[in-house]
Amino acid sequence: MIVGQQKPLEEIWDMIKDHSRVLVFGCNTCVAVCQQGGNKEAEIIASLLRMKATQEGLDIEIKDGGIERQCEHEFFESATKSLEWADAVVSTACGIGVQFLAEKYESLPVYPGLNTTFLGAVEKFGVYTERCQACGQCVLGLTGGICPIARCAKRLMNGPCGGSTRGKCEINKDLDCAWQLIIDRLKAMDKMDNYEKIIPVKDWSSDRAGGPRKFVREDIQV
Amino acid sequence: MSVKTPSKLEKILASGQLAVTSECGPPRGSDPEDITRKAELIKNHVDAINITDNQTSVTRMCSLAACIRLKLMGLEPVLQMVTRDRNRIAIQSDILGAASFDINNMLCLSGDHQSFGDCKLGQNVHDLDSIQLIQTVRMMRDEAKFLGGDDIKCPPKMFVGAAANPFADPFEIRVPRLAKKIAAGVEFIQTQCIYNLDKFEKWMEGVRERGLHEKVHILAGLTPMKSAGMARYMKNRVPGMDVPEELVKRLAGVPKEKQAQEGIDICIESIQRLKSVDGVHGFHVMAIEWEEKVPEIVERAGLYPRPTIDK
Ligand code: SF4
Ligand code: SF4
């Protein structure tokens, strides 16, 4: 899922303080899992902003709302009325949702309520960690199911580097060294031979490097 | 191992003599004398001088320019290149640039993470990793091809090196990792600073078991300790460094003003012991900001005078 972290209230406030009808708009799928941008969180942010407006003596009407997903057209219908009411929206979706919303309402200022952080997993309740950087050509089959691009600080394809210490990464003692994890897995699977296969220079053209990406399925389009 | 480049380092290693290299860190400014002064101190005692590439991710004068300064002095540089700061266009272009100045040695590294340096907020590149960099230089040299497949008119004649850290974890991968670098085409290795000689010898045993010592020239890396404080810092703070407690104790056991000399003595004793390790073909003496001590170390270790090689 996509993990996001709520922006500091001050930062959100600075973006909206010159508007008069603000909608804080939640997205109830990915970011709601880490309890940062769901519809419930949008409600809380809206009430904090209302308090702030009162403190500052500004007459801003602030409402909250939300839909299941801000990255798909079909969910927006239910929110048309409140979106048309607003003269500014704080979207607490990931960056995708924020942009999708902005594209739909050409003249409506849309502000991000979250910092979109990474594609990650719920390691345990309250702990989310990065797993994938959507490089567009998955190498997990070669690396024991552990991603050297998202999880090695230097995205080494043939690691580990010389800084790997007691299973931890050179940049942070709390961070697992991806290559230690890869080797542990290869060992457990009795596939250590795989380690000596050189992963050749990577084709990054399917990654961010190749420009914005698009995936079209002619067969299922209507 | 037949000689493939005009590199003096390669010739000395191929002749079976122990090679001695050292390194100079370029300045954090544009004064060329900072580099030429350091080189003057060591030039008669080493065969080649590595120029580090923004080591520990601290911004400095570029390695290539500093290497050219050495060339202008008639010395033999080893261009260190990290994959952290350059994509494949810049890498290939810098290699050609270096070759155009008859720089014939390169050390392929991934580089420390930028969070250690002065640009913590910056991006890193890592388009290639160190093993892929080795492959790239070898391809440019041997096949006269760019990564993109086009021909190179005058291919770069680089003697290709890399680092090896026998002390990083996981230990069992450290010999296979060397094997991987050899398979990628590396020709010489300069190791991480060796303080734990037992562990190094154990690694070398693994290297010999697989016959790897016959496929690559291994230069044992040494850095003299200046004080017990430095030893403690290296032990506790520097990732991938293995400093045995006895060494810290030995340094701490002598008065402060004598610790530096003790550090030099330890370094020389280490070289003496490692000389007899089968597969060690030379020494890489990294006296960090202490270049003036290199002559003493090289002489007392019995590695002086340096061989002369006909061009
Ligand atoms: S290899 Fe690419 S697609 Fe696969 S997990 Fe890593 S970043 Fe994601
Ligand atoms: S310590 Fe491990 S995870 Fe960290 S940069 Fe090195 S290889 Fe990558």
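**Exercise 1. Describe the fold content and overall spread of chain A, and then set out the corresponding values for chain B.**

Solution. Chain A has 7 helices and 9 strands, where helices (H or I, at least four residues) and strands (E, at least two) are DSSP runs numbered from the N terminus. The radius of gyration of chain A is 22 Å, well over the 17 Å that the globule rule gives for 222 residues, so chain A is more spread out than a compact globule; the radius is taken over C-alpha atoms, and the rule is 2.2 Å times the number of residues to the power 0.38. Along the principal axes, the C-alpha atoms of chain A fill a box of roughly 65 × 45 × 25 Å.

This is a predicted model, in which local features need pLDDT of at least 70 and side-chain atom pairs count only at pLDDT 80 or more, while totals for chains, interfaces and linings use all residues. Residues are numbered from 1 along each chain as its sequence is written, chains are lettered from A and ligands numbered from 1 in the order in which they are written, and side-chain values use heavy atoms, with hydrogens and water left out.

Chain B has 11 helices and 8 strands. For chain B the radius of gyration is 19 Å, close to the 19 Å that the globule rule gives for 311 residues, so chain B is as compact as a globular protein of that length. The C-alpha atoms of chain B fill a box of roughly 60 × 45 × 40 Å, taken along the principal axes.

**Exercise 2. Characterise the interface of chain B and chain A, from its extent to its polar links.**

Solution. Begin with the extent: 35 residues of chain B are in contact (heavy atoms within 4.5 Å) with 31 residues of chain A. Next, count the polar links: the rule finds 22 residue pairs in polar contact across the interface, both at pLDDT 80 or more. Such a contact is a pair of N or O atoms within 3.5 Å; within protein, one must be able to donate a hydrogen and the other to accept it, and residues adjacent in sequence count only if both atoms are side-chain atoms.

Then locate the elements on the side of chain B that touches chain A: those giving two or more residues are α5 (130–143) and α6 (174–184) of chain B, and α6(B) gives the most, with 7 residues.

Finally, turn to charge: there are 2 salt bridges between the chains, each a side-chain nitrogen of Lys or Arg within 4 Å of a carboxyl oxygen of Asp or Glu. The side chains of Glu196(A) and Arg210(B) meet in a salt bridge at 2.6 Å, N to O.
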